[in-house]
Amino acid sequence: MNEIDIEKAAALMRSASNMAVLTGAGVSKESGIPTFRDAQTGLWAKYDPQQLASPEGFKNNPELVWQWYDMRRQNLANVQPNAAHIAISALESEFSEFAVLTQNVDGLHQRAGSKHVVELHGNITTFYCFDRLHPASEIPTGLKQPPVCHCGSLIRPAVVWFGEALDRSVWRSASQTAIGCEVMLVVGTSALVQPAASLPFDAKQKGAKIIEINPEQTPLTRRADLFIQAPAAIAFPLLMQYFRQS
Ligand code: OAD
């Protein structure tokens with residue numbers, strides 16, 4: 001990890017009045033939630049993503065899909081926001097405009113105190129049926145199959161599945177944030193899955209500075225203004241230290 005780049009990133013952030021942070025599964029890695037690309041140990045280890053996180057998968061095997069999401073929802077009780085989530089939450093009050101655009105569905109940004117969070121892919125602790133939203137309080141954990149709503153349809157996790165479009169209002173909010181920010185921090189995403197992966201490019205096109213934090217390079221790296229090659233929970237405390245230096 002190159003401290004000079006961290007110092008430069010902090011200077012870029014200090015010069016901005018509004019900022020966006022785009023996060024992916026990597027920001028939750030140090031909280032103990034495996035990323036999607038950690039194929040050998042990750043969430044996809046035993047399953048084919050199409051079998052689980054897709055409308056077809058849910059239609060073909062609602063019990064398997066339900067139990068996989070329920071296991072992940074129950075696992076949230078055992079994980080905590082890490083130093084990166086906490087640092088991102090602390091940044092919010094330093095800018096006149098600030099938003100977290102996350103691809104994660106674990107709710108850890110909100111648990112760390114972030115107020116303005118746009119959940120691009122939904123959240124595994126919310127649910128809906130064909131007809132309406134169902135709060136988690138209505139849906140006990142440990143069910144072996146999806147409950148049936150009185151409207152007659154199956155209740156499902158309120159997450160974006162492969163092949164599904166993002167919620168229009170969510171996408172509009174994320175797009176407006178991206179084209180309006182002066183600096184975008186892109187943390188822990190492989191920058192592969194659209195349309196989220198286009199947000200940093202949209203921001204850059206409108207003149208924003210892009211700072212990427214990731215232990216590995218991604219398709220975004222060569223377009224980033226600064227690339228901090230480090231795990232998020234290691235880079236952020238140092239970034240915050242430099243950011244707070246006057
Ligand atoms: P991925 O699993 O595709 O990528 C995780 C990224 O985090 C990789 O680039 C890793 O190098 C990086 N990484 C790993 N450990 C890290 C750490 N400690 N600190 C920082 N970065 C770290 O996860 P996403 O990019 O979030 O979509 O995947 C995007 C989408 O693909 C997900 O939202 C999901 C999946 O299909 C839906 O569910 C719709």
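**The ligand and its pocket**

By class, the shell around the ligand consists of eight nonpolar, nine polar and four charged residues. The structure described here is a predicted model, and in it the ligand is surrounded by 21 residues, the closest of which are Ala 25, Arg 37, Thr 189, Ser 190 and Asn 214.

Polar atoms of the protein approach the ligand at several points. A polar side-chain atom of Ser 190 is found 2.6 Å from an oxygen atom of the ligand, and an oxygen atom of the ligand is likewise 2.8 Å from a polar side-chain atom of Asn 214. With Gly 26, by contrast, it is a polar backbone atom that takes part, at 3.4 Å from a nitrogen atom of the ligand. On its own the ligand has 790 Å² of accessible area, and the protein covers 93% of this.

The space that the ligand takes up is the largest pocket, for which a volume of about 890 Å³ was computed. The lining of this pocket is made up of 39 residues, and those nearest its centre are Ala 25, Thr 35, Phe 36, Arg 37 and Ser 190. Ala 25, Arg 37 and Ser 190 are also listed among the residues closest to the ligand. Sorted by class, the lining of the largest pocket comprises 18 nonpolar, 14 polar and seven charged residues. Helix H4, which spans residues 62-75, gives the most to this lining, contributing three residues.

Methods:
Residues are numbered from 1 along each chain as its sequence is written. This is a predicted model: local features need pLDDT of at least 70, side-chain atom pairs count only at pLDDT 80 or more; totals for chains, interfaces and linings use all residues. Side-chain values use heavy atoms; hydrogens and water are left out. A residue is near a molecule or strand if one of its heavy atoms lies within 4 Å of it. A polar contact is a pair of N or O atoms within 3.5 Å; within protein, one must be able to donate a hydrogen and the other to accept it, and residues adjacent in sequence count only if both atoms are side-chain atoms. Accessible areas come from the Shrake-Rupley method with a 1.4 Å probe; for residues, only the protein chains shown count as cover. On a 1 Å grid over the protein atoms alone, a cavity is a set of points where a 1.4 Å probe fits but cannot get out, and a pocket is an open set with protein on both sides within 12 Å along at least five of seven lines; lining residues have an atom within 4 Å of a point. A molecule sits in a cavity or pocket if more than half of its atoms lie within 2 Å of its grid points. Ala, Val, Leu, Ile, Met, Phe, Trp, Tyr, Cys and Pro count as nonpolar, Asp, Glu, Lys and Arg as charged, and the others, Gly among them, as polar. Grid points are joined across faces, edges and corners, and a volume is the space filled by probe spheres set on the points. Helices (H or I, at least four residues) and strands (E, at least two) are DSSP runs, numbered from the N terminus.
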